[in-house]
Amino acid sequence: MNVKVDKTLVASVALHVLVLGWGLVSFSSKAFDLMPEESVPVDVISSDQLARVMAGMKTGQKAPTPLVEKVAEAKPVEDAVGKITEKAPVVTETTPPPAPKVEEKPVEKKPDPPKPVAEAKPKEEPKPVEKKPDPKVDPIAEAIKKEEKKPKPPVQAAKPPEPVKPKPERAFDQSKIAALLDKRDPSRQAVTGDTLNSNAALGLAKGKAADNSATWGALFQAQVERCWKKPYGGIEAQKSEAAFAIKLKRDGTLEGMPVPEGTPATPYLRVYQESALRAIIECQPYNLPAAYFDEWKYFAPVFTERKT
Amino acid sequence: MTDNNGLPEMPFRLSRRQIISGMAALGMVTGSARHALAQGPKRVIIPEGEFAPLPIAIPNFVAGTPADNEVGVGVTQVITNNLKRSGLFAPIDQAAYIEKVINIDAAPQFQNWKTINAQALVTGRMTRQPDGRLKAEFRLWDVNTAQQLAGQQYFTSPEYWRRIAHIISDQIYERLTGEKGYFDSRVVFVDETGPKERRVKRLAMMDQDGANVRYLTRGADLVLTPRFSPSTQEITYMEFGQGDPRVYLFNIETGQREIVGNFPGMSFSPRFSPDGQRVIMSLQQGGNSNLFVMDLRSKSTTRLTDTPAIDTSPSYSPDGSRICFESDRGGKPQIYVMAATGGAAQRISFGEGSYSTPVWSPRGDYIAFTKQGGGQFSIGIMKPDGSGERLLTSGYHNEGPTFAPNGRVLMFFREPGGGGGPSLFTVDISGRNEQKVPTPGFASDPAWSPLLS
């Protein structure tokens with residue numbers, strides 16, 4: 001009966017019990033609660049669609065709240081996009097000497113001389129001198145000549161004398177590296193304010209949603225349903241669907257008869273389609289937001305019993 | 001060495017390029033495909049609108065000759081009443097009409113009917129012919145699309161003008177609901193007169209709207225559970241004569257009646273097969289009753305069930321392949337379905353309470369029943385597999401459902417309790433549009449005929 005108890009084993013068991021016991025108490029004390037949340041309908045869209053939805057509008061209203069990228073003391077910036085500022089010339093030893101003014105002169109003179117033969121002669125050969133030799137020439141010939149001459153000047157001007165360019169000598173002074181750095185203040189400044197707002201000034205994030213049919217579609221639905229006397233059709237009615245293509249005018253009236261999609265397969269489907277057609281015709285004109293006219297001028301209402 | 005390294009790399013690099021270009025091409029293809037899909041008009045879903053009765057205008061049928069004025073008005077009233085009672089139409093009060101007299105030979109002024117929100121318009125004319133017959137013409141117009149949906153003319157004896165009105169009603173109903181009508185049909189029922197202790201029960205028959213009541217028996221004997229033949233002008237019913245109750249066959253046209261079979265004990269709850277050639281019924285044997293079917297031509301009888309229980313109220317499916325019936329083999333009365341040739345039966349009712357008087361719809365989609373439980377009698381329907389049970393009406397005492405020929409409407413009888421007697425009601429199988437059927441006295445045990453035409 002002499003049982004030798006291993007102290008380490010006892011300690012190990014005791015510690016395990018302690019830890020597990022603590023875990024049982026502390027972890028089980030609170031049930032994992034899921035806060036009830038309002039459900040939100042979610043649609044999967046492609047990045048392309050997202051880009052279109054998020055695109056701003058050129059005609060958009062100024063956002064009521066200014067763009068704010070950083071939370072700080074409010075300091076609105078007029079134009080968030082960086083301005084191009086004049087770059088101060090950086091003078092170093094290796095900088096090529098300022099170009100001689102002569103270089104630019106011939107360029108300025110170019111249009112003036114009709115026939116600059118040489119750089120030094122532009123003013124010595126005025127036009128009247130040229131005209132004098134043949135004053136009796138009929139005006140038509142003269143006009144033709146003029147026409148011939150006119151294109152010439154630019155061609156001639158394209159041949160300005162090569163300016164003497166001093167060949168810049170590439171030298172690198174390690175001690176002047178700092179001078180190469182652009183020490184201008186950053187022209188692009190973060191817009192600060194109290195609350196972050198990523199909306200740019202023009203349009204909202206949802207400004208130009210490609211699909212506003214949820215808005216005007218619901219309006220259309222509410223209006224057409226008032227006239228829809230849906231026929232009662234027992235079991236088979238649960239699978240009924242009738243689609244049309246309709247064109248609306250700006251005043252909300254039909255441009256023509258709605259065009260049904262496909263021919264109904266059963267008598268009930270025919271009746272179902274007819275009832276929907278009657279409803280579309282009877283309920284016009286439709287009062288839909290004019291802003292989305294481009295979208296609702298041509299669309300396809302689908303009357304359906306199918307549960308999605 | 002470098003060559004060795006370079007060579008195997010070449011195909012890899014090429015393939016990667018190919019993959020990249022391939023992916024780009026794929027992207028273009030799918031992109032253009034998506035573009036192509038987006039080409040059609042935007043679809044706006046209008047889901048699950050409310051069922052609503054169709055507003056219909058039925059101006060009085062024009063009289064072809066001055067003498068036909070009365071019948072023209074009568075036909076219009078019958079049609080209006082039929083459509084209104086169906087619950088699927090909302091006839092517009094004639095007082096609202098802008099146009100009172102319609103020229104049936106020309107297209108109507110649709111604007112006048114659009115103004116009073118009519119979606120359909122019925123125009124018609126009744127003309128007495130030189131040979132004494134009556135000519136009935138009608139046209140059904142769609143007001144919004146300005147199209148004629150239906151148009152017919154009929155010739156008949158002047159005394160059958162009500163049937164003409166029912167037939168026209170069926171045409172309108174069928175064209176506007178997509179389902180067969182049921183107005184040109186009759187109902188046989190048990191007419192009850194006299195005080196409760198000495199109630200006289202006679203077999204009677206009427207049009208489905210309660211008109212043209214005829215009495216088929218004198219009322220000397222008690223009659224119960226009349227049933228129409230689906231194909232002949234015959235009725236089968238149970239009558240308590242001098243001895244045991246027996247199943248009889250009654251010819252409506254000749255008035256002749258005969259006992260179906262000659263069985264010992266009582267026979268009851270008869271019903272025709274869909275082809276009208278056989279009668280299925282219960283025969284009592286000792287404390288039990290079982291189902292038998294008898295061929296009316298050969299008079300041969302076949303036993304369908306053999307259980308120590310009460311099997312009764314059999315009803316064929318419209319294709320004649322199966323039978324639903326009531327049985328207490330599981331304790332309380334429940335509904336069972338089995339093959340028309342007998343064999344194993346499958347219980348389909350599992351709700352609380354007991355189920356009885358099952359009737360298979362002529363459309364085959366539902367079985368109607370009487371359900372007893374919780375101190376109430378209810379009329380309900382379920383699918384033939386027992387699913388989709390739905391109670392249409394409940395109360396002190398509702399019993400004996402019978403389907404209209406199109407399976408859309410049920411007729412049953414109701415006793416309000418207290419001193420009164422039973423009367424007939426109709427209800428849509430959706431449970432809506434409960435209507436009392438006018439009868440001269442108390443009435444019970446209705447049975448709807450098939451369409452007459």
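# Two chains and the place where they meet

Let us start at the contact between the chains, to which chain A contributes 33 residues and chain B contributes 28 residues. Keep in mind as you look around that this is a predicted model. On the side of chain A that touches chain B, the elements giving two or more residues are α8 (213–225), α9 (267–282) and β5 (298–304) of chain A. Which of them gives the most? That is α9(A), with 8 residues on this side of chain A. You can also sort this side of chain A by class: 18 residues are nonpolar, 7 are polar and 8 are charged.

Now follow β5(A) across the contact. This strand of chain A pairs with strand β1 (residues 42–47) of chain B in the parallel sense, over 6 bridges. Two places help you find the pairing on screen. A:Phe299 stands opposite B:Lys42 in β1(B), and A:Val302 has B:Ile45 of β1(B) as its bridge partner. Within its own chain, β5(A) also has a partner: strand β3 (residues 241–247) of chain A runs antiparallel to β5(A), and 5 bridges join them. There, A:Lys247 is the bridge partner of A:Tyr298 in β5(A). So β5(A) pairs with β3(A) in the antiparallel sense and with β1(B) in the parallel sense, as DSSP finds at least two bridges in each pairing.

Next, turn to chain B as a whole. How many helices and strands does chain B have? The count is 4 helices and 31 strands. Chain B has 453 residues, of which 44% count as buried. Among its contacts between residues at least 6 apart in sequence, 42% join residues at least 24 apart.

Some of those strands form an open sheet of 4 strands in chain B, in the order β19-β20-β21-β22, with antiparallel pairing. Its edge strands are β19 (311–316) and β22 (345–347) of chain B, each of which pairs on one side only. Ignoring direction, neighbouring strands of this sheet are turned by 30 degrees against each other on average. For a look at one edge, find strand β21 (residues 334–339) of chain B, which pairs with β22(B) in the antiparallel sense over 3 bridges. In that pairing, B:Met338 has B:Ala345 as its bridge partner in β22(B).

Let us zoom in on a single residue, B:Leu134, in strand β6 (residues 134–142) of chain B. Is B:Leu134 buried or exposed? B:Leu134 is buried because 21 other C-beta atoms lie within 10 Å, and 20 or more are needed to count as buried. Leaving out residues up to four places away in sequence, B:Leu134 touches B:Val71, B:Met126, B:Arg128, B:Thr156, B:Pro158 and B:Trp161. Another residue to find is B:Glu159: it lies 25 residues from B:Leu134 along the chain, and their C-alpha atoms are separated by 9.0 Å.

Finally, look for the nonpolar core. In soluble globular proteins, nonpolar side chains tend to be buried together. Here the largest nonpolar core has 129 residues, and those with the most contacts inside it are B:Ile56, B:Val75, B:Ala120, B:Ile367, B:Ala368 and B:Leu410. The element that gives the most to this core is α9(A), with 9 residues, and α9(A) also gives the most to the side of chain A that touches chain B. Try B:Ala368 as a starting point: leaving aside neighbours within four places in sequence, B:Ala368 is in contact with B:Val359, B:Ser361, B:Ile379, B:Ile381, B:Pro401, B:Phe403 and B:Leu410.

Methods
Residues are numbered from 1 along each chain as its sequence is written. Chains are lettered from A and ligands numbered from 1 in the order in which they are written. This is a predicted model: local features need pLDDT of at least 70, side-chain atom pairs count only at pLDDT 80 or more; totals for chains, interfaces and linings use all residues. Two residues are in contact if their C-beta atoms, placed from the backbone, lie within 7 Å. Ala, Val, Leu, Ile, Met, Phe, Trp, Tyr, Cys and Pro count as nonpolar, Asp, Glu, Lys and Arg as charged, and the others, Gly among them, as polar. Axes are lines fitted to C-alpha atoms, for helices over the stretch in contact, and angles run from 0 to 180 degrees between N-to-C directions. A residue is buried if 20 or more other C-beta atoms lie within 10 Å of its own, exposed if 12 or fewer, and partly exposed in between; C-beta atoms are placed from the backbone. A nonpolar core is a set of buried Ala, Val, Leu, Ile, Met, Phe, Trp, Tyr and Cys residues joined through C-beta atoms within 7 Å.
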